[in-house]
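Reader: Please present the structure, and then let us discuss how its charged side chains are classified.

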Amino acid sequence: MKYMLMMFGSSEGMGESASPEWIREMIGFMKSLDEDLTQRGEMVFNAGLADGSTAKTVRVDGGLPVVTDGPFAEAKESLIGFWILDVESEERVVEIAGSIAKYSGQVEVRRTADAPPEF
């Protein structure tokens, strides 16, 4: 079963509130996790994202695209990284998400869809 794990946060905010030691520990954990998931054959794809302050949001207004800065004006945290995993069970993906949540506070887990819903 394929799942997407999404980690939310703010690189900018973390740099202001977390100690350099904690940040190094978190980066070391993430590298180790990625290596383990790859060795186990569970990693499909993953990426860290630039801070949300560099994001653009595109909406349609009057039939034309309108670009604004940031993911959402009211959000302090945004998607900061993600993993696409192919695991044997929901229990396994929850186990992995729990280890990531130690550093991010929470992780959204969502099963990938094979196709869009039929209407």
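Author: Arg110 is partly exposed, with a relative accessible area of 48%. The model is predicted: local features need pLDDT of at least 70, side-chain atom pairs count only at pLDDT 80 or more, and totals for chains, interfaces and linings use all residues. Residues are numbered from 1 along each chain as its sequence is written, and side-chain values use heavy atoms, with hydrogens and water left out.

Reader: Why is Arg110 called partly exposed?

Author: Buried means under 20% relative accessible area, exposed over 50%, and partly exposed in between (1.4 Å probe, protein chains only). The 48% of Arg110 lies in between, so the residue is partly exposed. Glu108, at 28%, is therefore partly exposed as well.

Reader: What makes the contact of Glu108 and Arg110 a salt bridge?

Author: The term requires a side-chain nitrogen of Lys or Arg within 4 Å of a carboxyl oxygen of Asp or Glu. For Glu108 and Arg110 the N to O distance is 2.3 Å, so the pair qualifies. Shared partners also join Arg40, Glu42, Arg92 and Glu95 into one network of salt bridges.

Reader: How do you know that Asp69 and Lys56 meet in a salt bridge, and why are Asp69 and Lys56 called exposed?

Author: Their N to O distance is 2.5 Å, so the criterion is met. The pair links distant parts of the chain, with Asp69 in strand β4 (residues 64–69) and Lys56 in strand β3 (residues 56–61), 13 residues apart. Asp69 has 57% relative accessibility and therefore counts as exposed; Lys56, at 53%, is therefore exposed too.

Reader: How many salt bridges does a search of the whole structure find?

Author: The search finds 7.

How values were computed. Helices (H or I, at least four residues) and strands (E, at least two) are DSSP runs, numbered from the N terminus.
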